[in-house]
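Let's walk through this model together, one region at a time. Please keep the structure open beside the text as you read.

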Amino acid sequence: MKSQLTLEEKYDFYERSVQNAEGEVSFMHDEFKRFYGHSPFTLREDFCGTGAISCAWVQQDKSCEAYGVDLDPEPIRMGLQRHYSKLSKTEQKRMQYLQKNVLTVKTGPVEVICAFNFSYFIFKSRKQMLQYFKAVRKSLKKQGVFFLDIFAGPESQRLVTDVKKLKNLTYYWECQHFNPFTHECTFAIHFKDSKGKKHNNVFTYNWRFWTMPEIRDILIEAGFSKTVVYWEGDDDEGNGNGVFTPAEDAENCDAWVSYIAALT
Ligand SMILES: C[S@@+](CC[C@H](N)C(=O)[O-])C[C@H]1O[C@@H](n2cnc3c(N)ncnc32)[C@H](O)[C@@H]1O
């Protein structure tokens with residue numbers, strides 16, 4: 001059955017549950033600066049959805065420019081309403097939504113490209129992933145960084161539902177199918193609203209569950225010089241504390257999310 005959420009609720013619930021646009025912008029800014037000694041100004045946000053990150057990016061500095069790339073007109077329309085409309089006129093001039101395929105989109109060279117919330121898992125063959133990473137590499141300036149996120153851990157491949165309670169909202173992340181031979185998988189997002197009504201399958205994803213070493217190998221094959229992995233620290237209760245630092249080994253906890261930076 002189709003969800004009864006309005007489009008406004010659908011994207012509001014999504015962004016409150018899984019996005020932290022300002023946090024991701026400052027993470028990418030700080031890490032780029034650490035690598036190259038100066039701030040980046042140009043961003044391409046692949047699989048941008050509502051383009052929350054691109055809109056936060058152009059608010060950093062009057063020299064910052066961003067492109068948000070997504071195939072689907074629906075999140076772009078919602079992004080124009082939710083984020084772009086709140087930018088100043090000069091910020092709006094520096095942010096552009098492109099309703100295009102990330103495999104073929106053309107922009108001038110940029111310093112930073114990001115692909116978050118595991119969206120690149122949509123590419124199921126190695127050949128296609130390599131094609132995408134090569135296209136990203138080609139679109140970056142001489143000093144550039146491609147930021148991705150990735151998740152795994154034994155629990156994340158089991159048919160379980162992770163539940164997160166937020167203010168007036170419950171978020172569910174369900175693994176509905178996982179093929180151990182091909183790693184093809186289906187994940188779904190459900191919500192329970194403030195009135196206690198559950199909305200199932202508001203977002204569904206049919207992906208290949210890629211592993212960290214596979215992704216790092218393909219990035220190098222695509223021409224990146226090195227990759228840096230960021231592992232999340234623990235809080236007092238052993239949960240993630242939201243602070244990501246470079247690492248090359250860690251305890252394989254039940255489920256984890258980390259970032260990868262691929263340098264030109
Ligand atoms: C999981 S959502 C991610 C939204 C946002 N990046 C985030 O972090 O929450 C994936 C988005 O990728 C878009 N998408 C899927 N394949 C694409 C492609 N080949 N080119 C551009 N966008 C694509 C979908 O339309 C969808 O909006």
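A good place to begin is the outer face of one helix: on α6, the side turned away from its buried residues carries the exposed residues K127 and K138. Here a residue is called buried if 20 or more other C-beta atoms lie within 10 Å of its own, exposed if 12 or fewer, and partly exposed in between, with C-beta atoms placed from the backbone. Helices (DSSP runs of H or I, at least four residues) and strands (runs of E, at least two) are numbered from the N terminus.

Before going further, two notes on reading the model. It is a predicted one, in which local features need pLDDT of at least 70 and side-chain atom pairs count only at pLDDT 80 or more, while totals for chains, interfaces and linings use all residues. Residues are numbered from 1 along each chain as its sequence is written.

Now turn α6 around. Its buried residues are M129, Y132, F133, V136 and S139. They cover an arc of only 125° around the axis, which puts them on the same side of α6; the arc is that of the directions from the helix axis to the C-beta atoms. The cover over these buried residues includes β1 (42–46), β4 (110–115), β5 (140–152) and α7 (212–221), where contact means that two C-beta atoms, placed from the backbone, lie within 7 Å. The length of the helix fits too: at 1.5 Å a residue, the 14 residues of α6 (residues 126–139) should span 20 Å, and its end C-alpha atoms are 20 Å apart, which agrees. The expected span is 1.5 Å times one less than the number of residues.

Helix α4 (residues 73–82) can be read in a similar way. Its buried residues are P75, I76, M78 and G79. Their arc of only 165° around the axis places them on the same side of α4. What they pack against is α1, β2 (65–69) and β3 (95–98).

From here, follow strand β4 to A115. A115 counts as buried because it has 24 C-beta neighbours inside 10 Å. Leaving aside residues up to four places away in sequence, A115 touches D46, F47, Y120 and L148. A115 and I150 are 35 residues apart in sequence, and their C-alpha atoms are 9.9 Å apart in space.

One of those contacts of A115, F47, leads us to the ligand. Of the 17 residues around the ligand, F47, G49, D72, F116 and N117 come nearest; a residue is near if its C-beta atom, placed from the backbone, lies within 6 Å of the molecule. By class, this shell has ten nonpolar, five polar and two charged residues. Ala, Val, Leu, Ile, Met, Phe, Trp, Tyr, Cys and Pro count as nonpolar, Asp, Glu, Lys and Arg as charged, and the others, Gly among them, as polar.

F47 sits in the loop between β1 and α3 (52–58), and its phi is near 50°, a positive value in a residue other than glycine. N117, in the loop between β4 and α6, has a positive phi as well, near 60°. F47 is partly exposed, with 19 other C-beta atoms within 10 Å, and N117 counts as partly exposed with 16.

Finally, step back to the whole chain. It is divided into domain 1 (7–151 + 211–263) and domain 2 (154–207), with bounds from an automatic or database domain assignment. Eleven residues of domain 1 are in contact with twelve residues of domain 2. On the domain 1 side, helix α1 (residues 7–18) supplies the largest share, five residues.
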